[in-house]
Amino acid sequence: MSAAYRRFATINLIALLVTGLLFTWISRDGRLDFWLERQFFDTVANSFPWRISQALDFWGHTVLKLITVWILAIGIVLAVISYWVMALRPWRRALFLFALMAAIAPLVVLLIKINSVHSCPWDINEFGGQGHWFPLFGMEDKPAGPGGCWPGGHASGGFGLLAAYFAFREDKPPFARAFLALSLLLGVMMSVVQMARGAHFLSHNLWTLWLVWAMCFLLDGLMRFIWPPRPAM
């Protein structure tokens, strides 16, 4: 394993540790989450007005999700046809690595989400629901509501494109950085959409970013043993 990768791995491990502690504090404290959600909540109607917005649902949910799905689909197709298209063969490993990480990381988020006991903002009593909020890694003797809302699922599609950064950062640094910016932009947009609708707290989406990044980092490291990158020329 190269010295460059050891530095990269060290930086990532430190960053994941620090942000993990920060996100844990935000999730357990709750004040920032609730303050932000109150900006979208109508206290008179006792609901989130943007929840029923067809325009927001279409452009912010359906369209943004389709963009991420199509990018992943294109990556998978390019990876497969790289066995026949000579021009793509040098990028075969990176394309397969992108497809693997961009598919698995959001899937992990989804599996954690559907088994979570934490409910969405619109399901808790502070925002017109019947459930109760409780801090991450903690539980109160009150009904939590329907659950299934931590971490944020929608944003995982946008943040999942971080896979391209890990897959191409050594061979195509400018391309990797461009995709890093695109993934963060899409992930943030998808996070804000869900927060506006009352579907997720900020901390839910921060943990989505953390989990996707951690999964990409882990898979990237594992693949170095299974399918080592080409030596630098």
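# Close-up views of a predicted model

**View 1. Six aromatic residues gather in one cluster.** F34, F41, F48, F127, W133 and F201 form a single aromatic cluster. Keep in mind, for this view and the others, that the model is predicted. Across the structure, the count of aromatic pairs comes to 22.

**View 2. F96 and W227 make a tilted aromatic pair.** A pair of aromatic rings is described by the distance of the centres and the angle of the planes. For F96 and W227, the centres are 6.1 Å apart and the planes meet at 45°. That angle is neither under 30 degrees nor over 60, so the pair is called tilted. Where do the two residues sit along the chain? F96 belongs to helix α4 (residues 92–114), while W227 is in the segment after α8 (202–226), so their pairing ties together parts that are 131 residues apart in sequence. Are they buried or exposed? F96 has 27% relative accessibility and counts as partly exposed. W227 is also partly exposed, with a relative accessible area of 31%.

**View 3. F168 and F175 meet edge-to-face.** Here the ring centres are 5.0 Å apart, with 75° between the planes. An angle over 60 degrees counts as edge-to-face, so this pair earns that name. F168 is buried, at 8% relative accessibility, whereas F175 is partly exposed, with a relative accessible area of 38%.

**View 4. Two arginines sit over aromatic rings.** R51 lies over the face of W122, at 3.8 Å from the ring centre. In the other example, the ring belongs to Y83, and the charged end of R92 sits over it, 4.0 Å from its centre.

**View 5. Y83 also belongs to a nonpolar patch on the surface.** How many square ångströms does the patch cover, and which residues make it? Its area is about 640 Å², and its members are I76, V77, V80, I81, Y83, W84 and V85. One of them, V77, lies in helix α3 (residues 54–81). V77 counts as partly exposed, at 47% relative accessibility.

**View 6. Salt bridges join four residues into one network.** A search of the whole structure finds five salt bridges. Start with R169, which forms a salt bridge with E170, the closest N and O atoms being 3.9 Å apart. R169 is buried at 14% relative accessibility, while E170 is partly exposed at 41%. E170 also meets the side chain of R224 in a salt bridge of 3.0 Å, N to O. This second pair links distant parts of the chain: R224 is in helix α8, and E170 is in the loop between α6 (163–168) and α7 (173–197), 54 residues apart. Like R169, R224 counts as buried, at 12% relative accessibility. Through shared partners, salt bridges connect R169, E170, D220 and R224 into one network.

**View 7. R31 and D29 form a salt bridge.** The side chains of these two residues meet at 2.9 Å, N to O. Which side of this pair is exposed, and which is partly exposed? R31 is exposed, with a relative accessible area of 59%. D29 counts as partly exposed, at 26% relative accessibility.

**View 8. Helix α8 is mostly covered.** Of its 25 residues, 18 are buried. How far apart should the ends of α8 be? At 1.5 Å a residue, its 25 residues should span 36 Å, and the end C-alpha atoms are 36 Å apart, so the two values agree. R224, met in the salt-bridge network, is in this helix.

**View 9. Distance along the chain and distance in space can be set side by side.** L185 lies in helix α7 and counts as partly exposed, at 49% relative accessibility. L185 and F159 are 26 residues apart in sequence, with 8.5 Å between their C-alpha atoms. E140 has its place in the loop between α4 and α5 (154–159). E140 is partly exposed, at 35% relative accessibility. Between the C-alpha atoms of E140 and D57 there are 33 Å, and the two residues are 83 apart along the chain.

Key. Residues numbered from 1 in each chain as written. Predicted model: local features only at pLDDT ≥ 70, side-chain atom pairs only at ≥ 80, totals over all residues. Heavy atoms only, no water. Phe/Tyr/Trp six-rings, centres within 6.5 Å; stacked < 30°, edge-to-face > 60°. Helix = DSSP H or I, 4+ residues; strand = E, 2+ residues; numbered from the N terminus. Buried < 20%, exposed > 50% of the residue type's maximum accessible area, 1.4 Å probe, protein only. Lys NZ or Arg CZ within 6 Å of the ring centre and 35° of its normal. Patch = residues over 30% accessible without salt bridge, like charges linked within 9 Å, V, L, I, M, F, W, Y side chains within 5 Å. Areas by Shrake-Rupley, 256 points an atom, 1.4 Å probe, with all protein chains shown as cover. Expected span 1.5 Å × (residues − 1).
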